[in-house]
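Colleague: I would like to talk through the aromatic rings here. Please give me the reasoning behind each label.

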Amino acid sequence: MSFIWLRRLPFMIALPVTLFMFYVLTVEQGSTGVWGGIYNRLYIILAWVMLAVGLFLLSRRPWFSAGLASTVIGGLWIGAAIKYQFLGSQLVAPDLIVAALSAETLLEMGLLPTLLVIGYLLLLLIVFAVEKPLTAWQRKHASLTFGSVALLFMALNIPAFYIDLQWTSQYQNTLPIFVQSIWRTQLEEPTQAHKSSYCCFKSDKVAETFTATPDKKPNIIVILEESTFPPEEVLNFKAQDKFFKDAYPLKVYTAGGSTWVQEISFLHGVAPPLYGNGWKSINLFAPGRLDGRIARQLAGLGYKTKTIYPIAGRFYGGQRFHEQLGIQDFIDCKAMPECAKRKWNKMPDEVFFDEAVKQVKLNEQPLFTFVATMRQHSPHEKSTTFDTSRCKPGLTEKQCSIMLDYSERMKLSVKAYESLLAQLKKLPERTIVVAFGDHIPGDVAAYFTEEDFYKQDRFRTFFNIWDSANGFVTHKALEGQEFETIDIAMLDALTLRYAGFESRYLTDKLVHMQECSGSFCGFGVDAPISGTRLTQLNTPPASP
């Protein structure tokens, strides 16, 4: 009896995870149209067969091979679901590096699924030990099958069948995106259509040399307001609560996640989509390849440059790319007692704002401080009944609940922000504060379509500029260069020029902004509107 049980054990262990693949095939969606769905499901089936048969050729154990192939593909699919839930972007091959470098945060995000996958891998070791290898003649059939399937799989990966690696929809082309990202996520420097002092990988240190500086250098604090956008951007939601004052539309590059793209856009001063298919993983490739601009420029004038971060510095290479881009002192969550004792997605903004004020008081040098917050991070799960006074019939109950929870948190964020400004105004040093939203929340991106947004634009947030000497100065800083939106990669130049700094880098970049109507155009992606060389335009008027 025990012998029969041992013979059935491999089947009993491998079957559940193999059946899970049918669930994946049911849930997974492809690109638009019938072919899109067929392509994605065929891709998953061929990948499974190729992996299972390849493992069989090595082990001669069919159930072990089927179970391990299912666990690998199923584990990647679960990992993609976890990443999308928290970060709003698809799983790509460089994420495996992240898993090794920041395991503690990833386990906090998906501890149970991770333990389940690890547990199944351990069970498959038992299968390997008890399953009897099959006879050698079956290897010939397996070799023929493997070769045929591998050729078909390779055919699905030729350029004609490439998938858009920038998908922001969950359970859509998950495996093709992951596999193709192995060779399609390297950063590529664009061919410049004209001589430029502000693009691309490396900085122009001569152009960035300041020709004028303020008599008394102000502190500069940059606040990344996590997942924050004007709620009136959602067409069928009535925004009643106070938003950030003097807010101006900001163009960002991701929806629902990938905060690091906006961090690098500001600190590096270049629009990441110019760098090819790998731009969403730019955080992993920045160290050693990309130069910082605003932080490094200010450090050259004696500024102390700091980052105050709401999670572990190792998470997604945050500390590495901040330091590469000019940050000297990286203060992560573990270094702040009030942060370290809370869950990463239950963090009030006051924790980081208090640290920013503390740093201003402690340092004798002028400070450039980059502060990231976490209050609005998805999910917005507060159970709220449908409010007909706020939500029009065009919204579902789920959409209404998300927006009502978002609005409640927004009131807290605005209150914390105004309290920070009140504290800074009392200090003797002049301080300039630039606040911006990095993207719409992940659950807003998941449950709302483009048609739900003003001008069908899911990539519009906000920014504002405040000066302890002059109050809100967003429109003053823009001075006649007001467009539909301002690209986030332009904020460094606007900030420095308003603060009283001058350089050829700043002038050239603001001329570019003028010519491109606020965007970062003209580098092999799109051409300047008038077709003229950007350097031939008139210099923008000086800021006070």
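Modeller: Start with the rule for a pair. Rings of Phe, Tyr and Trp pair if their centres lie within 6.5 Å, with the six-membered ring used for Trp. In this predicted model, ring pairs link Trp35, Tyr39, Tyr43, Phe153 and Phe161 into a cluster. A search of the whole structure finds 27 aromatic pairs.

Colleague: Why is the pair of Phe11 and Trp63 called edge-to-face?

Modeller: Their ring centres are 5.1 Å apart and their planes stand at 75°. Planes over 60 degrees apart count as edge-to-face, so the label fits. The pair also links distant parts of the chain. Phe11 is in helix 1 and Trp63 is in helix 3, 52 residues apart.

Colleague: What makes Tyr39 and Tyr43 a tilted pair?

Modeller: Their centres are 5.7 Å apart, with 45° between the planes. Stacked needs under 30 degrees and edge-to-face over 60. The angle of 45° meets neither, so the pair is tilted. Both residues sit in helix 2, four residues apart, so about one helical turn separates them.

Colleague: How do you know whether Tyr39 is buried or exposed?

Modeller: Buried means under 20% relative accessible area. Tyr39 has 4%, so Tyr39 is buried. Tyr43, at 0%, is buried too.

Colleague: Why does Phe11 count as partly exposed?

Modeller: Partly exposed runs between the 20% and 50% cut-offs. Phe11 has 36% relative accessibility, so the label holds. Trp63, at 31%, is also partly exposed.

Colleague: What makes you say that Arg61 sits over the ring of Phe128?

Modeller: The charged end of Arg61 is 4.0 Å from the ring centre. The distance limit is 6 Å, and the charge must also be within 35 degrees of the ring normal. Arg184 likewise lies over the face of Tyr162, at 4.1 Å from the ring centre.

Key. Residues numbered from 1 in each chain as written. Predicted model: local features only at pLDDT ≥ 70, side-chain atom pairs only at ≥ 80, totals over all residues. Heavy atoms only, no water. Helix = DSSP H or I, 4+ residues; strand = E, 2+ residues; numbered from the N terminus. Buried < 20%, exposed > 50% of the residue type's maximum accessible area, 1.4 Å probe, protein only.
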